[in-house]
Amino acid sequence: GYRSLDDVIGRFDLLKMREDVHLSKTDSIDMSYILNTPVDPDRSWIFKHAEAHSNGPVLDDQILSDPDVISAIETHARLEKNIKIINTDRSVGGRIAGEIAKRHGDNGFRGHLTLNFTGAAGQSFGAFNLNGMTMRLTGEANDYVGKGMAGGDIVITPPPNVEFDHEDSVIVGNTCLYGATGGILYANGRAGERFAVRNSLGKAVVEGAGDHCCEY
């Protein structure tokens, strides 16, 4: 047998195709390139202790570097900030929620942070949002808005004076509120597919949703 994953990584000779399964989608796929690749006896390319790559500077770090934000979190104060966001800013709010939870737990924060964003948010805007956090976005958001959120509010509205009908236009992407256990999402527009799947106690007000809404 094999004692670790290191023993089987790169071992193409261990792969066998099933001959009892025939699907129209896969019958035309040629697997010979993978199955007939020679196995290199040199295993030195398997890195065991390489350092994890960094995502570089992220928007949450910029927000948390503001002493007013840290002070509000530590002292249960109320604070409102206006922030610009672009679609490469991902998981915005997640680290802030983590800082709150680290100090006060999921429900112990008695202050309130209102963060007003303007622009197009990247994936997972408002992920893991907690009670005491209001994330407002004027613009639009990508997939996974409110992923795993436990409390608080996420409010997403189009910019003022837009010429399209809000109720007919998509404003958030796919799989929003995935795995949410609390909080409320307000979206002045439509959501993509798989909206609120694996959602437990999260609530939402949206103008519509794509396929597979609220499944499992």
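A residue counts as buried under 20% relative accessible area, as exposed over 50%, and as partly exposed in between. The exercises below use this scale on a predicted model.

## Exercise 1. Thr114 in its strand

Locate Thr114, decide whether it is buried or exposed, and list its contacts beyond the sequence neighbourhood.

**Solution.**
- Step 1: place the residue. Thr114 belongs to strand E2, which spans 112-121.
- Step 2: read the accessibility. Thr114 has a relative accessible area of 14%. The limit for buried is under 20%, so Thr114 is buried.
- Step 3: list the partners. With neighbours within four places in sequence set aside, Thr114 touches Leu79, Glu80, Lys81, Thr134 and Arg136.
- Step 4: map some partners to elements. Strand E1 covers 78-85, and strand E3 covers 133-141.

## Exercise 2. Glu140 and Gly152

Classify Glu140 and Gly152 by accessibility and describe the surroundings of each.

**Solution.**
- Step 1: start with Glu140. This residue lies in strand E3.
- Step 2: apply the scale. Glu140 has 44% relative accessibility and therefore counts as partly exposed.
- Step 3: find the contacts of Glu140. Outside four places in sequence, they are Gly119, Ala120, Ala121 and Ile171.
- Step 4: add a distance. Ala187 is 47 residues from Glu140 along the chain, and their C-alpha atoms are 9.4 Å apart.
- Step 5: turn to Gly152. Its strand is E4, residues 150-157.
- Step 6: apply the scale again. Gly152 has a relative accessible area of 13%, so Gly152 is buried.
- Step 7: find the contacts of Gly152. Beyond four places in sequence, they are Asn129, Leu130, Asn131, Met133, Gly183 and Ile184.
- Step 8: add a distance. Gly152 and Leu64 are separated by 88 residues in sequence and by 18 Å between C-alpha atoms.

## Exercise 3. Tyr186 in strand E5

State where Tyr186 sits, how accessible it is, and what it touches.

**Solution.**
- Step 1: place the residue. Tyr186 is part of strand E5, residues 182-187.
- Step 2: classify it. At 35% relative accessibility, Tyr186 is partly exposed.
- Step 3: list the contacts. Neighbours within four places aside, Tyr186 meets Asp153, Ile154, Val155, Ile156 and Val205.
- Step 4: check one distance. Val206 is 20 residues away along the chain, with 6.2 Å between its C-alpha atom and that of Tyr186.

## Exercise 4. Helix H3 against helix H4

Describe how H3 and H4 pack, and what covers the buried residues of H4.

**Solution.**
- Step 1: set the geometry. The axes of H3 (residues 67-75) and H4 (residues 94-104) come within 9 Å and cross at roughly 35°. The crossing is right-handed.
- Step 2: name the residues. Ile70, Ile73 and Glu74 come from H3; Ile96, Glu99, Ile100, Arg103 and His104 come from H4.
- Step 3: sort them by class. The contact holds four nonpolar, one polar and three charged residues.
- Step 4: find the buried residues of H4. They are Gly94, Ile96, Ala97, Glu99, Ile100 and His104.
- Step 5: compare the spacing. An α-helix has 3.6 residues a turn, so residues three or four places apart point the same way.
- Step 6: identify the cover. It includes helix H2 (59-64), H3, strand E2 and strand E3.
- Step 7: look past the helix end. Gly105 follows H4 and has a positive phi, near 80°.

## Exercise 5. Positive phi outside glycine

Locate His76 and Ala196 and give the phi of each.

**Solution.**
- Step 1: take His76. This residue sits in the loop between H3 and strand E1. Its phi is positive, near 60°.
- Step 2: take Ala196. This residue is in the loop between strand E5 and strand E6 (203-205). Its phi is also positive, about 60°.
- Step 3: add accessibility. Ala196 is buried, as its relative accessible area is 6%.

## Exercise 6. The whole chain

Give the order of elements and explain why the chain is more spread out than a compact globule.

**Solution.**
- Step 1: count the elements. There are four helices and six strands.
- Step 2: read them from the N terminus. The order is α-α-α-β-α-β-β-β-β-β.
- Step 3: test the spread. The radius of gyration is 23 Å, well over the 17 Å from the globule rule for 216 residues, so the chain is more spread out than a compact globule.
- Step 4: add the box. Along the principal axes, the C-alpha atoms fill roughly 60 × 40 × 30 Å.
- Step 5: add burial and surface. Of the 216 residues, 34% count as buried. The chain exposes about 13,500 Å², and carbon and sulfur atoms supply 50% of it.
- Step 6: check the contacts. Among those with a separation of 6 or more, 46% join residues 24 or more positions apart.

Notes. Residues numbered from 1 in each chain as written. Predicted model: local features only at pLDDT ≥ 70, side-chain atom pairs only at ≥ 80, totals over all residues. Heavy atoms only, no water. Axes fitted to C-alpha atoms, helices over the stretch in contact; angles between N-to-C directions. Helix = DSSP H or I, 4+ residues; strand = E, 2+ residues; numbered from the N terminus. Left-handed = near helix turned anticlockwise from the far one by under 90°. Contact = heavy atoms within 4.5 Å. Nonpolar A, V, L, I, M, F, W, Y, C, P; charged D, E, K, R; others polar. Rg over C-alpha atoms; globule rule 2.2 N^0.38 Å. Buried < 20%, exposed > 50% of the residue type's maximum accessible area, 1.4 Å probe, protein only. Areas by Shrake-Rupley, 256 points an atom, 1.4 Å probe, with all protein chains shown as cover.
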